[in-house]
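Here is a set of questions and answers for a first-year student. Each answer sets a value against a rule and then draws the conclusion.

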Amino acid sequence: MQTFPLTLVAGPPGAGKTTWIRQQLDGAERFAYLNLGADAVRIDATYLAAEVPELVVWSSWLPELADFTKYQTYIELDFHIDLGSLVLPTEFADCHRVAVLPPGIRQTEWHDWADVIVTGTETRVPLQPPQLWRSLLTGQVLDFASLTTVWDELINGAYGHVQRAKGIFEVTDGRSLYFDFVAGDPEPTSTELDLPRWLEGRPNRFSGVEVVGEQLDETAIAQTLKDCCLDDRTLAYYQQQVREFLEDG
Amino acid sequence: MKIAVISCIHGNYEALNEVLLDIDRHQVEQIYCLGDLVGYGPYPNAVVEMIRSLDIPTCQGCWDEDVVEGLNACECSYPSLLAEKRGRLAHEWTNQEIHPETRSFLAQLPLSLRDGNLCFVHGSPHSQHEYMLPDMHAFTAMERVLATGADTLFCGHTHIPYVRQLESGQLQVRVSSGQSSQRPNQQTSNFSAPLKRIVNAGSVGEPRHGRTNATYVLYDAETEQVTLREVEYDYQKTCAAIVEKGLPSIFAWRLARGLEFAERADDPTHVCER
Ligand SMILES: [Zn+2]
Ligand SMILES: [Zn+2]
């Protein structure tokens with residue numbers, strides 16, 4: 001039977017699965033990535049694709065088996081996928097299983113499942129977080145000052161106790177920004193993705209947000225994010241301003 | 001003579017009450033109020049009633065004007081889209097909540113007050129909506145004070161209290177006349193101005209200094225000494241009333257952290273270009 005150069009990566013939210021995969025990709029070629037369970041909200045995939053342009057990203061469980069022979073493939077399993085009931089094609093039986101776990105935890109289902117345990121980042125996120133909220137924002141453009149206000153409110157508990165939050169947002173000046181927060185991490189990060197500025201109409205590349213926590217006021221989060229979004233007229237006005245500004249140097 | 005200057009109460013009755021008690025302990029002869037009695041907070045009527053019953057001379061704030069005239073401020077006067085949406089929510093709520101007598105009281109408020117060499121305005125002598133931030137260009141700041149003819153200008157609106165001395169010295173003013181940009185007629189005049197001062201009274205009801213305490217100032221006319229007062233009050237009562245009266249609960253969350261509800265301006269020279 002043929003074997004496939006395939007690595008499954010699992011672990012709780014915020015432990016650093018995507019970061020670990022990102023490290024494996026450095027300097028190598030012919031890599032592919034698939035995020036299983038993130039559905040339409042492809043934050044990690046979009047982030048990795050922007051960071052590592054050579055990476056092949058499969059957006060759903062669609063590649064042919066033959067494709068898996070062509071690439072060294074990493075499959076990131078979303079934390080809410082039950083490892084016990086995950087059924088993979090029999091050809092994948094001997095794939096590599098990696099669990100990225102916060103330091104100091106023992107005897108979890110990840111330990112039983114994995115061949116290799118990677119020590120990730122310290123996080124205060126419970127191993128089985130109670131609530132997950134996701135929203136697709138593709139096509140929406142946010143005002144940067146509003147975005148920083150709502151993000152600050154969100155990670156500081158204005159809409160419930162947030163343990164993990166990440167998102168990719170399009171902002172008025174055409175940039176695509178990646179925001180990342182894990183409870184206990186003193187420095188929440190935000191970086192600009194290495195993508196061209198989108199300055200003509202609504203961007204048709206992925207943007208979206210994922211929040212993990214307790215007692216989340218999902219309606220308020222959704223409404224507040226909506227309040228940060230530009231309407232067509234305002235968007236057209238600002239895009240033109242930015243285009244003119246960039247042309248003038 | 002000792003006076004107290006309060007500003008930007010924004011419907012926060014608990015904060016006003018505590019500040020008035022604190023003023024009582026300092027034996028002042030006169031209290032002045034720089035406006036923004038309403039907006040964001042849950043008790044606009046009670047605040048106006050209190051100011052009115054105590055006969056406190058008050059000038060009109062930006063929120064007082066907007067409630068009377070309707071919201072016509074350009075949207076760029078908000079620092080963000082979100083602040084604008086929240087400001088509109090607060091405006092609509094306040095507009096529904098206030099009694100006719102509250103509205104007519106706000107309508108008759110003067111834009112500035114004068115007491116000897118002291119002048120009192122909400123934003124600046126030119127507009128209730130202009131922010132005079134502590135780092136405003138010295139020349140512009142001096143112009144604002146000179147426009148009043150007073151030596152000390154009390155203002156509010158930014159919610160950050162400060163005292164700024166404008167040193168006396170030669171000021172040169174170049175005045176251009178005529179429309180032609182090629183050869184404008186320029187007149188230069190030199191004059192020296194005595195020491196001038198700007199005192200920002202901060203905010204009673206919506207402080208913006210990272211703590212929840214209300215702020216106001218005491219001024220001693222004899223010694224010309226300005227004392228900045230910070231007063232603790234039961235902000236949790238105000239927060240509970242915000243939620244109870246149907247204002248957005250994020251206002252309560254922000255107030256409890258010493259953050260402004262929504263309004264903030266970092267660029268005083270911003271001019272609307274839309
Ligand atoms: Zn104010
Ligand atoms: Zn004001």
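A residue counts as buried when its relative accessible area is under 20%, as exposed when that area is over 50%, and as partly exposed in between. The structure shown here is a predicted model.

Q: Why is B:His157 called buried?
A: The relative accessible area of B:His157 is 3%, and the limit for a buried residue is under 20%, so B:His157 counts as buried.

Q: How do you know that B:Cys62 is buried?
A: B:Cys62 has a relative accessible area of 2%, and because buried means under 20%, B:Cys62 is placed among the buried residues.

Q: What makes B:Asp36, B:Cys62, B:His122 and B:His157 donors of the zinc ion (ligand 2)?
A: The atoms concerned are OD of B:Asp36, SG of B:Cys62, NE2 of B:His122 and ND1 of B:His157, and they lie at 2.1 to 2.3 Å from the zinc ion (ligand 2). A donor is an N, O or S atom within 2.8 Å of such a metal, so these atoms qualify. Along the chain, the donors follow the spacing D-x25-C-x59-H-x34-H. The pair of B:Cys62 and B:His157 links distant parts of chain B, with B:Cys62 in helix α3 (residues 62-69) and B:His157 in the loop between β5 (152-155) and β6 (162-166), 95 residues apart.

Q: Why is the site of the zinc ion (ligand 2) called irregular?
A: The angles among its 4 donor atoms run from 89 to 155°. Four donors count as tetrahedral if all angles lie between 85 and 135 degrees, and as square planar if opposite donors are over 155 degrees apart and all others between 65 and 115. The upper value of 155° lies outside the tetrahedral range and is not over 155, so the site is irregular.

Q: What makes B:Cys8, B:His10, B:Asp36 and B:His159 donors of the zinc ion (ligand 1)?
A: SG of B:Cys8, NE2 of B:His10, OD of B:Asp36 and NE2 of B:His159 lie 2.2 to 2.7 Å from the zinc ion (ligand 1), and because the limit is within 2.8 Å, they count as donors. The site of the zinc ion (ligand 1) is irregular too, with angles of 81 to 172° among its 4 donor atoms. B:Cys8 lies in the loop between β1 (2-6) and α1 of chain B and B:His159 in the loop between β5 and β6, so this pair ties together parts that are 151 residues apart in sequence.

Q: How do you know that B:Cys8 and B:His159 are buried?
A: The relative accessibility of B:Cys8 is 0% and that of B:His159 is 4%; buried means under 20%, so both residues meet the rule.

Q: What makes B:Asp36 a bridge?
A: B:Asp36 coordinates both the zinc ion (ligand 1) and the zinc ion (ligand 2), which are 3.4 Å apart.

Q: Why is B:Leu21 called partly exposed?
A: B:Leu21, which lies in helix α1 (residues 13-24) of chain B, has a relative accessible area of 41%. Residues between the limits of 20% and 50% are partly exposed, so B:Leu21 belongs to that class.

Q: Why is the pair of A:Tyr47 and A:Tyr178 called stacked?
A: The ring centres of A:Tyr47 and A:Tyr178 are 4.2 Å apart and the planes stand at 20°. Rings pair if their centres lie within 6.5 Å, and planes under 30 degrees apart count as stacked, so the pair is stacked. A:Tyr47 is in helix α2 of chain A and A:Tyr178 in strand β9 (residues 176-182), 131 residues apart. A:Tyr47 is buried at a relative accessible area of 15%, and A:Tyr178 is buried at 6%.

Q: What makes the pair of A:Tyr237 and A:Tyr238 edge-to-face?
A: The planes of A:Tyr237 and A:Tyr238 are at 80°, with 5.1 Å centre to centre; because planes over 60 degrees apart count as edge-to-face, the pair receives that name.

Q: How do you know that the charged end of A:Arg30 sits over the ring of A:Tyr71?
A: The charged end of A:Arg30 is 5.0 Å from the ring centre of A:Tyr71, and the distance limit is within 6 Å.

How values were computed:
Residues are numbered from 1 along each chain as its sequence is written. Chains are lettered from A and ligands numbered from 1 in the order in which they are written. This is a predicted model: local features need pLDDT of at least 70, side-chain atom pairs count only at pLDDT 80 or more; totals for chains, interfaces and linings use all residues. Side-chain values use heavy atoms; hydrogens and water are left out. Donors are N, O and S atoms within 2.8 Å of the metal (3.2 Å for Na, K and Ca); water is not among the atoms, so sites may look incomplete. Four donors count as tetrahedral if all angles lie between 85 and 135 degrees; four count as square planar and six as octahedral if opposite donors are over 155 degrees apart and all others between 65 and 115; anything else is irregular. Helices (H or I, at least four residues) and strands (E, at least two) are DSSP runs, numbered from the N terminus. Buried means under 20% relative accessible area, exposed over 50%, partly exposed in between (1.4 Å probe, protein chains only). Rings of Phe, Tyr and Trp (its six-membered ring) pair if their centres lie within 6.5 Å; planes under 30 degrees apart count as stacked, over 60 as edge-to-face and the rest as tilted. A charge sits over a ring if NZ of Lys or CZ of Arg is within 6 Å of the ring centre and within 35 degrees of the ring normal.
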